[in-house]
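Please look through the structure shown below before reading on. The text that follows starts with one strand pairing and works outwards from there.

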Amino acid sequence: MRSLLCHKGMAKVTLDIRSISQGLLAALDDGAKELESLYFDAIGQVSYVWPNKTVRKNQDVVGSPRDKVDLGNLQASTSYQISGLTATFEWDPKDPTTGKPYAAYVFFGYTDSSGRVLPGSNWISVAHNIRSPEQIIGGACRAIFN
Amino acid sequence: MPSSIDILTLRDRVETALSAELGTYVYQNAATTPAVKVESGIIARTAQPQRVNGLEVVIEPYTAPSLQTLLSSHAFVDDQYRILLKQWDLTKSVATAVRTLSLALQDCLTGIEPLLPRNTAIDSLEQQSLLIQYRRF
C-alpha cells in the first residue's frame, strides 16, 4: 500500500494489487498446511460410530466409537495441490492386499451384499467443525498483512 | 428451489420417476412393495423386509434442517436430503437411475456424490447418492 500527501492536503491511498495477491497466496499456503494437519488429526479422532467390533490388521480390537486409523494408509495419503487461489485436498490410499483405492468407501459408507450398512466417516466435516477454512485462511491473512 | 414441498412429495416424485427401474422389498409373507424408504432415524415398528431385489432407494436427512424467520415473522425451513441408490442386483448398475432421477429432481438437486462401484474385496453394493435441498414454508 502506498499513500501520498500532496500539496492540496489530500491523501491518496493506492492498493498494491501485486503484494496483496502475493500475501493471499502465502496465506493460502500457510492455511493449507494447517488444514492438512487438521484433516490428519480428524481421521485419528475417536468419534466414528461403527456397528460392530473389528480386529484390525494392526491386531487392535476396536468397537464404537473408533478412529479411522489401522495401518495409517488413509492418514498418510493426505495430499494437496494449490492452483491459483484454490487448494485441493485428496486422499487416495490403496488396500495393501488388493491394491484397490478405498477412501470413498470410508468417507461415504457402503452396504455389503448381506445388507449390513457400514456408515461413512466424514473427516472433512470433523476437521472443519474444529476450525473452519474461513477461520484458518482469515488468521493466516491477518498474520501476513499485519 | 421449489416453493414448498415436503418429504412425502419428494418420496412420491422419486417413486414415480424410477417406476420402471425400482426394485422391491420382499416380506416374510411373500408380499412385495417398491424398494424406496425414508430413513428418519426412528426405530421402525412396522414389518421389515426380508430381502431387497434390484434397485433400492433410501432417502435420509443430510444435515439438520435450518429454520429461518423472515421480517414478516413468517418462517421457512430448508431441508436437505441425501437420496442413496443401491443396486442389489450384482449384474446391473445404478447409472441409468441416477440420470433419470437427476432430470426428474433438477429443481431441487444440489449435488451428486461419486459413483462407488461394487468392490468385491469388501463385498460392497454399487451405490451413488444425489443431494437435495428444498424450502418448506
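Which residue in β2(B) is the bridge partner of B:Thr24? The partner is B:Pro34. This is a predicted model, and that applies to everything described here. The pair belongs to the antiparallel pairing of β1(B), residues 24–26, with β2(B), a pairing made through three bridges. Both strands are part of an open, antiparallel sheet of three strands, ordered β2-β1-β4 in chain B. At its edges are β2(B), residues 32–34, and β4(B), residues 51–53, each of which pairs on one side only. From one strand to the next the twist averages 30°.

The loop between β1 and β2 of chain B holds B:Ala30. Although B:Ala30 is not a glycine, its phi is positive, near 75°. B:Ala30 counts as exposed because 7 other C-beta atoms lie within 10 Å, and the limit for an exposed residue is 12 or fewer.

Chain B as a whole contains two helices and nine strands. Read from the N terminus, its elements follow the order α-β-β-β-β-β-β-β-α-β-β. Of the 137 residues in this chain, 22% are buried. Among contacts in chain B with a separation of 6 or more, 58% are between residues 24 or more positions apart.

The largest nonpolar core has 18 residues, and the members that touch the most others are B:Val14, B:Val57, B:Ile83 and B:Leu85. Five elements of chain B each supply at least two of its residues: α1 (7–17), β5 (55–61), β7 (75–87), α2 (95–104) and β9 (126–136). The strand β7(B) gives the most to this core, namely four residues. Setting aside residues up to four places away in sequence, B:Val14 touches B:Val36, B:Val57, B:Ile59, B:Ile83 and B:Leu101. Another core lies apart from the one just described; it has 14 residues, including A:Ala27, A:Leu35, A:Trp91 and A:Ala140.

In chain A, a helix pair comes next. Two packed helices are described by the angle between their axes and the distance between the axes. Helix α1(A), residues 17–43, packs against helix α4(A), residues 123–130, at an angle of about 120° and with the axes 8 Å apart. The crossing of α1(A) past α4(A) is right-handed. From α1(A) the contact takes in A:Leu38, A:Tyr39, A:Ala42 and A:Ile43, and these meet A:Trp123, A:Ile124, A:Val126, A:Ala127 and A:Ile130 of α4(A). By class, the residues of this contact are nine nonpolar, no polar and no charged.

A hairpin is found elsewhere in chain A. Five bridges join β5(A), residues 79–83, to β6(A) in antiparallel fashion, with A:Ser83 opposite A:Thr86. Two residues lie between the strands of this hairpin, where A:Gly84 takes a positive phi near 60°. Is β6(A), residues 86–90, well covered or hardly covered? Strand β6(A) is hardly covered, as zero of its five residues are buried.

Two loops of chain A have backbone features to note. In the loop between β4 (61–62) and α2 (73–76) of chain A lies A:Pro65, which a cis peptide bond with omega of about -5° joins to A:Ser64. The loop between β3 (54–55) and β4 of chain A contains A:Gln59, a residue other than glycine with a positive phi of about 80°. Like the alanine described earlier in chain B, A:Gln59 is exposed, with 7 other C-beta atoms within 10 Å.

The two chains meet where ten residues of chain A are in contact with eleven residues of chain B. On the chain A side, α3 (103–108) and β7 (109–111) each supply at least two residues, and α3(A) has the largest share with three residues. This side divides into four nonpolar, three polar and three charged residues.

Why does A:Tyr110 count as buried? A:Tyr110, in strand β7 of chain A, counts as buried because it has 24 C-beta neighbours inside 10 Å, where 20 or more are required. Beyond its neighbours within four places in sequence, A:Tyr110 is in contact with A:Tyr105 and A:Leu118, and also with B:Leu116, B:Ser124, B:Leu125 and B:Gln127.

Technical notes:
Residues are numbered from 1 along each chain as its sequence is written. Chains are lettered from A and ligands numbered from 1 in the order in which they are written. This is a predicted model: local features need pLDDT of at least 70, side-chain atom pairs count only at pLDDT 80 or more; totals for chains, interfaces and linings use all residues. Two residues are in contact if their C-beta atoms, placed from the backbone, lie within 7 Å. Ala, Val, Leu, Ile, Met, Phe, Trp, Tyr, Cys and Pro count as nonpolar, Asp, Glu, Lys and Arg as charged, and the others, Gly among them, as polar. Two strands pair if DSSP finds at least two bridges between them. Axes are lines fitted to C-alpha atoms, for helices over the stretch in contact, and angles run from 0 to 180 degrees between N-to-C directions. A crossing is left-handed if the near helix is turned anticlockwise from the far one by less than a right angle, and right-handed if clockwise. A nonpolar core is a set of buried Ala, Val, Leu, Ile, Met, Phe, Trp, Tyr and Cys residues joined through C-beta atoms within 7 Å.
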